[in-house]
Amino acid sequence: MASPSYEHELNVALLAVQRATHLTKSVFHQNAKGTLNKSDASPVTIGDFGAQALIIAALQHNFPDDKIVAEEEAKDLRDNTQLRELVWGLVKDAKLDDEAAERTLGGSIKSADSMLDLIDKGDSQGGSKGRIWAIDPIDGTKGFLRGGQYAVCLGLMVDGDVKVGVLGCPNLPVSDSEPLKEGIGADASDEAGKFGILFSAVQSAGAQSRPLGPGALKPASTIAMKPLSNISDATFCESVEAGHSSQGDAAAIAKKLGITKPSVRMDSQAKYGSIARGAGDLYLRLPVRADYVEKIWDHAAGDLIVREAGGQVTDTEGKRLDFSHGRTLLQNKGVIAAPRDVHGEVIRAVKEVLGAKK
Ligand SMILES: Nc1ncnc2c1ncn2[C@@H]1O[C@H](COP(=O)(O)O)[C@@H](OP(=O)(O)O)[C@H]1O
Ligand SMILES: [Mg+2]
Ligand SMILES: [Mg+2]
Ligand SMILES: [Mg+2]
């Protein structure tokens with residue numbers, strides 16, 4: 001049997017992410033973002049809840065038997081009527097400016113109660129069998145609140161392998177050739193008619209980008225990592241949040257590789273999209289705490305997009321990210337993404353620097 005093309009899955013994923021970015025952008029431009037602190041002290045906003053509801057509604061309409069692993073849960077909204085009404089106010093009006101696209105997504109959500117139930121459909125425990133979608137409705141929530149980069153992220157895994165990945169990055173420049181900028185304050189969405197960028201990949205079919213838009217999908221172009229003949233010429237990106245990735249270890253690794261350019265700090269999986277389109281070269285995510293386990297929704301889409309653009313993505317020991325162990329990357333520590341032919345060299349430097357600390 002021919003391997004599936006995932007054409008319908010990709011189309012639904014692209015439209016669902018595009019619709020969700022309209023909701024997040026509307027929250028981004030309002031002062032009251034309905035921010036709550038979760039039990040791990042990380043923030044969540046009405047944008048995160050709303051985007052998750054919209055994406056799950058589209059997945060349920062098209063693929064009712066698929067499982068979903070999503071970051072957020074509806075409990076805080078069930079307990080807080082005012083917050084629920086704020087989110088519902090956004091969700092009920094969120095739609096793409098194109099009838100065919102809205103039909104594909106199944107149209108609007110019917111009521112506030114069904115919105116809560118949809119949010120809670122993202123509670124699958126994941127695993128190594130069957131079709132499982134991973135959703136991060138807003139990745140880089142801290143960046144989103146700061147006016148920096150963020151991404152709406154959706155990936156489809158089949159038997160633990162990522163087959164389709166989509167990243168909506170409303171605050172990245174539309175042009176693939178624009179150089180990397182620090183994440184803070186970058187806001188392409190304020191330019192008239194610009195909505196940011198939508199990255200996507202299907203396994204064995206390459207990676208693409210297209211401008212985010214208000215309705216039907218815009219035409220896409222193929223993206224590829226930038227050829228890098230000398231590793232010392234590399235630009236690397238890392239988290240803005242020092243609590244998410246060790247900036248000291250990254251600087252030591254860069255020094256070992258002879259890299260002299262300063263790092264570009266940006267929030268979210270916009271880092272994966274940026275190196276996949278050749279706007280930067282390396283992405284280093286170095287554990288700050290031994291006990292932190294990465295979440296699958298923080299990496300599924302970006303991992304595939306970088307690999308399909310000619311890169312390699314592993315953990316700090318050189319192991320591929322393994323999405324088959326539930327909601328977290330239980331078998332991995334940190335992330336190192338680089339063009340395929342220099343990845344080994346980067347891993348050697350990572351091992352030397354991290355090994356010397358033990
Ligand atoms: N101690 C830690 N180490 C690594 N990642 C962490 C972390 N604490 C939180 N995160 C994750 O870092 C993500 C943001 O990544 P980045 O630093 O690249 O912007 C967060 O996603 P959310 O913003 O979706 O919660 C969160 O899941
Ligand atoms: Mg979060
Ligand atoms: Mg995240
Ligand atoms: Mg998130």
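Visitor: How far is the sulfur of Cys153 from the closest cysteine sulfur, and which residue holds that sulfur?

Guide: The closest cysteine sulfur belongs to Cys169, and at 7.1 Å from the sulfur of Cys153 it is too far for a bond. Please bear in mind that this is a predicted model.

Visitor: How is such a distance to be read?

Guide: A disulfide requires two cysteine sulfur atoms within 2.5 Å. From the side of Cys169, the closest cysteine sulfur is that of Cys153, again at 7.1 Å, so the distance is too great for a bond.

Visitor: How many disulfides does a search of the whole structure find?

Guide: Zero disulfides are found when the whole structure is searched.

Visitor: Are Cys153 and Cys169 buried or exposed?

Guide: Cys153 has a relative accessible area of 1% and is buried. Cys169 is likewise buried, at 0% relative accessibility.

Visitor: Let us turn to the metals. Which residues coordinate the magnesium ion (ligand 3)?

Guide: One reads a metal site from its donor atoms and their distances. The magnesium ion (ligand 3) is coordinated through OD atoms of Asp136, Asp139 and Asp298, at 1.9 to 2.1 Å. Along the sequence these donor residues follow the spacing D-x2-D-x158-D. Of these donors, Asp136 and Asp139 are buried.

Visitor: Which protein donors serve the magnesium ion (ligand 4)?

Guide: Here the donors are Glu71 (OE), Asp136 (OD) and Ile138 (O), which lie 2.0 to 2.2 Å from the magnesium ion (ligand 4). Their spacing in sequence is E-x64-D-x1-I. Both Asp136 and Ile138 are buried.

Visitor: How far from these two ions is the magnesium ion (ligand 2)?

Guide: The magnesium ion (ligand 4) and the magnesium ion (ligand 2) are 3.6 Å apart, and Glu71 coordinates both. The separation between the magnesium ion (ligand 3) and the magnesium ion (ligand 2) is 5.2 Å.

Visitor: Which residues come nearest to ligand 1?

Guide: A ligand site may be read from its neighbours, its polar contacts and its covered surface. There are 16 residues around ligand 1, and those that come nearest are Ser239, His244, Ser268, Lys271 and Asp298. Asp298 is also a donor to the magnesium ion (ligand 3).

Visitor: Where do polar atoms of the protein lie relative to ligand 1?

Guide: A side-chain N or O atom of Ser239 is 2.7 Å from an oxygen atom of ligand 1. Gly243 places a backbone N or O atom 3.2 Å from a nitrogen atom of ligand 1. For Lys271, a polar side-chain atom lies 2.5 Å from an oxygen atom of ligand 1. Ligand 1 exposes 570 Å² when taken alone, and the protein buries 89% of that area.

Visitor: In which pocket does ligand 1 sit?

Guide: Ligand 1 sits in the largest pocket.

Notes. Residues are numbered from 1 along each chain as its sequence is written. Chains are lettered from A and ligands numbered from 1 in the order in which they are written. This is a predicted model: local features need pLDDT of at least 70, side-chain atom pairs count only at pLDDT 80 or more; totals for chains, interfaces and linings use all residues. Side-chain values use heavy atoms; hydrogens and water are left out. Donors are N, O and S atoms within 2.8 Å of the metal (3.2 Å for Na, K and Ca); water is not among the atoms, so sites may look incomplete. Buried means under 20% relative accessible area, exposed over 50%, partly exposed in between (1.4 Å probe, protein chains only). A residue is near a molecule or strand if one of its heavy atoms lies within 4 Å of it. A polar contact is a pair of N or O atoms within 3.5 Å; within protein, one must be able to donate a hydrogen and the other to accept it, and residues adjacent in sequence count only if both atoms are side-chain atoms. Accessible areas come from the Shrake-Rupley method with a 1.4 Å probe; for residues, only the protein chains shown count as cover. On a 1 Å grid over the protein atoms alone, a cavity is a set of points where a 1.4 Å probe fits but cannot get out, and a pocket is an open set with protein on both sides within 12 Å along at least five of seven lines; lining residues have an atom within 4 Å of a point. A molecule sits in a cavity or pocket if more than half of its atoms lie within 2 Å of its grid points.
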